[in-house]
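I opened a new page for this structure and kept the entries short. Each entry says what I looked up and what came back.

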Amino acid sequence: MNVDEVKQNAGPREFNPRDDLPEEYRKAATRMLEFHANSEIMGAYLERPFIRKAPSLERKMAFSAKVQDEIGHGQMLYRAAEALGVKTRDEMLDDLANGDGKFLNCFHYPMDSYVETPMIAFFVDGAAMRRQATLKKSSWEPYAHAMDKICFEEGMHVKHGESILRELMNGSRREQEMVQDAFETWWPRILQFFGPTDDDSTHHDFMSEVGLKTCSNDQLRNSFLNGYMQKAEEYGLEIPEYPRIREQGDGQYEVVEDDLDWEEFVTVSQNEYEGSIEQIGGRKQAREAASWVRDMFDEQTAAGAAPSPTAAD
Ligand SMILES: [Fe+2]
Ligand SMILES: [Fe+2]
């Protein structure tokens, strides 16, 4: 198939590894999937410390389950990416550890306090749900298929985040203030989760034309705002005045995109923000620490034993 044929045939779950697909499609799908897989892994590393830091056994167990889910999402997506034949899973994991892999803006920032955890588990996972639900109709069938399982688990993550938010916002005045402070810090980053406005998004048109994406950044951001503005207020959070949010009538909202710091967004996205270096350093250490496990399985595989499992990451 050439690119025009791909565009003509593009539809939900239309293409799979048996299809002869052009380089442009395979590269674009790899870039998108690798970004998504990297983000799952980096999100898991941001939350991992809370398996210890969470204040009760129940919360620790929930964080433990969530972190395992996110690592699993990453692995499934690397497999769906690998099937495109552009990069191997190991190459993608090496790139991530070496600082060459790109991932979501929100996972570059440090998260130190327990009161910040609903910012990821409720708001960022809620934003992720908006995007991921639309990817069940992606034209790359292995991607869409992975989304069936991932969306199911993300639904649980949002409930877990919402439960922590509810508990903290029903806690002491001090707890409520701390959550409000965290919300004010994270809110602009969360609004940037969906990336730049469609006019400035370099890859948007091609991705839509070949059916890899089915919704634009702006549509997804607005859909998130329409749902989560109200939820934030229900729990007693005050939406910061800046960036300005405009009501467009009939309960629909839109952010004034020029109020967001896109320069910082680009620095972060290029892995050049100081927090990025710290997050990626943690990932590199973890990859190196488990290298002996991978080497052992590789040796066994070479010696004719069972194939290497994927557990070492
Ligand atoms: Fe996930
Ligand atoms: Fe999640």
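**Entry 1. A pair far apart in the chain**

Which residue meets the side chain of D94 in a salt bridge? I looked it up, bearing in mind that this is a predicted model. The partner is R287, and the distance from N to O is 3.1 Å. I then checked where the two residues sit. D94 belongs to helix α5, residues 89–97, while R287 belongs to helix α12, residues 274–289. They are 193 residues apart, so I noted the pair as a link between distant parts of the chain, with helices taken as DSSP runs.

I also looked up how much of each residue can be reached. D94 has a relative accessible area of 36% and is partly exposed. R287 has 5% and is buried, because buried means under 20%.

**Entry 2. Other salt bridges**

I asked how many salt bridges a search of the whole structure finds. The number is 18. I wrote down two further pairs.

One of them is R79 with E82, at 2.8 Å from N to O. Both residues are in helix α4, which covers residues 57–82. They are three residues apart there, about one turn of the helix. R79 is partly exposed at 38% relative accessible area. E82 is also partly exposed, at 25%.

The other is K87 with D95, where N and O are 2.6 Å apart. D95 has a relative accessible area of 21% and counts as partly exposed, because the cut-off for buried is under 20%.

**Entry 3. The iron ions**

Which residues coordinate the iron ion (ligand 2)? I found E70 through OE, D125 through OD, E154 through OE twice, and H157 through ND1. The distances run from 2.0 to 2.7 Å. Along the chain, the donors follow the spacing E-x54-D-x28-E-x2-H.

Next I looked at E70 by itself. E70 bridges the iron ion (ligand 2) and the iron ion (ligand 1), and the two ions lie 3.4 Å apart. The pair of E70 and H157 links distant parts of the chain, with E70 in helix α4, H157 in helix α7 (residues 141–169), and their positions 87 residues apart.

Are these two residues buried or exposed? E70 is buried, at 4% relative accessibility. H157 is buried as well, at 3%. I added E154, which lies in helix α7. At 2% relative accessibility, E154 is buried too.

I took one more distance from E154. M111 is 43 residues away from E154 in sequence, and their C-alpha atoms are 20 Å apart in space.

**Entry 4. A negative patch**

I searched the surface for charge and found a patch of negative charge. Its residues are E177, D181, E184, E233, E234, E238 and E241. Which helices each supply at least two residues of the patch? They are α8, residues 173–192, and α10, residues 217–234. The largest share, three residues, comes from α8.

I picked E184 for a closer look. E184 sits in helix α8. Its relative accessibility is 41%, and E184 counts as partly exposed.

**Entry 5. Backbone angles**

I went through the backbone for entries worth a note. The peptide bond from Y242 to P243 is cis, with omega near -5 degrees. P243 is in the loop between α10 and β1, the latter being residues 245–247.

Where is R13, and what is its phi? R13 is not a glycine, yet its phi is positive, at about 55 degrees. R13 is in the loop between α1 (3–9) and α2 (23–47). At 29% relative accessible area, R13 is partly exposed.

N271 is another residue other than glycine with a positive phi, near 65 degrees. N271 is in the loop between α11 (262–269) and α12. N271 is buried, with a relative accessible area of 8%.

**Entry 6. Looking back**

I closed by rereading two notes. R287, the partner of D94, is in helix α12, and N271 is in the loop between α11 and α12. E70 is one of the residues that coordinate the iron ion (ligand 2), and E70 also bridges that ion and the iron ion (ligand 1).

Key: Residues are numbered from 1 along each chain as its sequence is written. Chains are lettered from A and ligands numbered from 1 in the order in which they are written. This is a predicted model: local features need pLDDT of at least 70, side-chain atom pairs count only at pLDDT 80 or more; totals for chains, interfaces and linings use all residues. Side-chain values use heavy atoms; hydrogens and water are left out. A salt bridge is a side-chain nitrogen of Lys or Arg within 4 Å of a carboxyl oxygen of Asp or Glu. Helices (H or I, at least four residues) and strands (E, at least two) are DSSP runs, numbered from the N terminus. Buried means under 20% relative accessible area, exposed over 50%, partly exposed in between (1.4 Å probe, protein chains only). Donors are N, O and S atoms within 2.8 Å of the metal (3.2 Å for Na, K and Ca); water is not among the atoms, so sites may look incomplete. Patches are made of residues with over 30% relative accessible area and no salt bridge: like charges are joined within 9 Å, nonpolar side chains (Val, Leu, Ile, Met, Phe, Trp, Tyr) within 5 Å. Accessible areas come from the Shrake-Rupley method with a 1.4 Å probe; for residues, only the protein chains shown count as cover. Lys and Arg count as positive and Asp and Glu as negative; His and the chain ends are not counted. The place of a charge is taken as NZ of Lys, CZ of Arg, CG of Asp or CD of Glu.
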